[in-house]
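Here are my notes on this one, written as a quick walk-through. Have the sequence and the 3D view open while you read.

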Amino acid sequence: MATDYRFSFGPWNIHEGADPFGPTVRPTIQFADKLPFYKELGFDAVQFHDDDAVPNIDEKSPAEVEKGATEVRRMLEGEGLVAEFVAPRLWESPAGIDGGFTSNDPECRAWAIGRLKQTADICDILGTRLIVLWLAREGTYVRESKNAIEAHHQLVDAINQVLEHNKNIEIAIEPKPNEPADQAYIPTIGHALALAHRTADPSRVGGLIETAHALLAGLDPSDDMAFALAEGKLWSVHLNDQNGLKFDQDKSFGSANLRGAYNQVRVLELAGYAETGRFVGLDVKAMRTQKADAANKHLTNSREVFLKLVDKVRTFPKDLEQQCTADRDYEALELAVLSHLMGG
Ligand code: XUL
Ligand code: MN
């Protein structure tokens with residue numbers, strides 16, 4: 001099996017199973033108790049939100065934030081793990097109710113930019129250059145409630161401020177078209193990279209593509225990845241799956257559309273993604289109905305499916321691919337791919 005890829009997930013990917021219609025169904029596992037799972041399950045890096053690293057971050061002084069993050073760095077080192085990225089989690093704070101960077105309230109915008117700069121400081125302490133920016137509530141439920149043109153300038157301004165604050169940091173924008181906002185700003189990777197090119201240092205602004213988010217936008221995740229790869233800007237992925245246009249399901253990778261998963265792996269292989277040193281990130285949820293004693297299997301299953309698909313990509317007969325393409329015999333190519341995926 002291919003072992004040249006390195007994998008990451010976030011502590012929120014091991015969770016209690018609450019959904020909007022019902023309470024938790026599994027016991028809480030503390031952050032410190034999740035860390036030993038990483039290596040055990042075959043993962044090398046932790047994805048962080050700022051308040052995963054430093055809980056109740058809005059109530060803490062800069063010195064307390066530094067102390068909390070330093071403690072987490074020690075815990076990571078103790079487990080032989082690294083941090084992949086830190087993402088500011090503005091959407092859970094009461095201050096971010098209407099989004100932070102694009103709020104109509106200047107005080108709220110200043111708070112959001114402060115959190116973004118603090119995220120860069122936490123990156124320094126945790127030893128990663130990468131901030132992930134998922135824009136969550138930067139959008140509206142009522143289109144008339146914001147000036148959307150101004151909102152896009154405000155997003156560029158926020159990114160410019162953190163680029164200026166920390167000259168080492170890189171930002172990967174994670175686009176998503178909806179949820180929690182009815183309609184979000186920066187719904188696709190095309191929007192994200194167009195915005196990146198308008199910032200003060202485009203070389204430090206790229207993207208993270210999540211399978212489910214691309215599908216919710218009606219797009220093909222592997223083509224989205226190809227677009228970002230062609231720009232040299234695919235700086236991480238959130239592999240998962242999605243069963244049609246509904247809430248963001250974060251299903252295990254390949255569980256809804258195995259061929260779609262195969263094509264995502266194929267495009268990463270075509271780009272030599274493993275050699276870039278970037279992580280293969282998962283953003284997957286255990287099923288709510290899953291018993292607690294097996295509630296990490298969505299992680300190992302997603303990783304296993306990924307590695308098996310790497311093997312499938314590497315063993316697909318390239319001469320047949322070339323011959324079918326040259327002959328324009330696409331039916332033969334399609335059957336060959338399906339047969340290969342079915343093992344025969
Ligand atoms: C939300 C989502 C987030 C980001 C990180 O849909 O995917 O967890 O990945 O903030
Ligand atoms: Mn994600």
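1. Start with the metal site. The donor residues of the manganese ion (ligand 2) follow the spacing E-x35-E-x27-H-x44-D along the sequence. Put names to those letters and you get Glu174, Glu210, His238 and Asp283. Keep in mind that this is a predicted model.

2. Now zoom in on the atoms. Glu174 and Glu210 coordinate through OE, His238 through ND1 and Asp283 through OD, at 2.0 to 2.3 Å. What is the arrangement around the manganese ion (ligand 2)? It is octahedral, because the 6 donor atoms subtend angles of 79 to 169°. For that label, opposite donors have to be over 155 degrees apart and all others between 65 and 115.

3. Next, look at where two of these donors sit. Glutamate 210 belongs to strand β8 (residues 205–210) and histidine 238 to strand β9 (residues 234–239), so this pair, 28 residues apart, links distant parts of the chain. Are they buried or exposed? Glutamate 210 is buried, with a relative accessible area of 1%, and histidine 238 is buried too, also at 1%. Buried here means under 20%.

4. Strand β8 deserves a closer look. Why call it largely enclosed by the rest of the structure? Because 6 of its 6 residues are buried. You can check this face by face: Val205, Gly207 and Ile209 are buried on one side, and Gly206, Leu208 and Glu210 on the other.

5. Which strands does β8 pair with? Strand β6 (residues 170–174) runs parallel to β8 and is joined to it by 3 bridges; one to look for has isoleucine 171 partnered with valine 205. Strand β9 also runs parallel to β8, with 4 bridges between them. There, leucine 208 has serine 236 as its bridge partner.

6. Finally, turn to helix α5 (residues 148–165). Its 18 residues reach 26 Å from first C-alpha to last, close to the 26 Å expected at 1.5 Å a residue. At its start, a side-chain oxygen of asparagine 147 comes to within 3.0 Å of the backbone nitrogen of isoleucine 149.

7. What does α5 pack against? Its buried residues, among them Ala151, Leu155, Ile159 and Val162, pack against α4 (106–126), β4 (130–134), β6, α6 (189–197) and β8. That brings you back to β8, the strand that holds glutamate 210.

Methods:
Residues are numbered from 1 along each chain as its sequence is written. Chains are lettered from A and ligands numbered from 1 in the order in which they are written. This is a predicted model: local features need pLDDT of at least 70, side-chain atom pairs count only at pLDDT 80 or more; totals for chains, interfaces and linings use all residues. Side-chain values use heavy atoms; hydrogens and water are left out. Donors are N, O and S atoms within 2.8 Å of the metal (3.2 Å for Na, K and Ca); water is not among the atoms, so sites may look incomplete. Four donors count as tetrahedral if all angles lie between 85 and 135 degrees; four count as square planar and six as octahedral if opposite donors are over 155 degrees apart and all others between 65 and 115; anything else is irregular. Helices (H or I, at least four residues) and strands (E, at least two) are DSSP runs, numbered from the N terminus. Buried means under 20% relative accessible area, exposed over 50%, partly exposed in between (1.4 Å probe, protein chains only). Two strands pair if DSSP finds at least two bridges between them. The expected span of a helix is 1.5 Å times one less than its number of residues. Contact means heavy atoms within 4.5 Å. A polar contact is a pair of N or O atoms within 3.5 Å; within protein, one must be able to donate a hydrogen and the other to accept it, and residues adjacent in sequence count only if both atoms are side-chain atoms.
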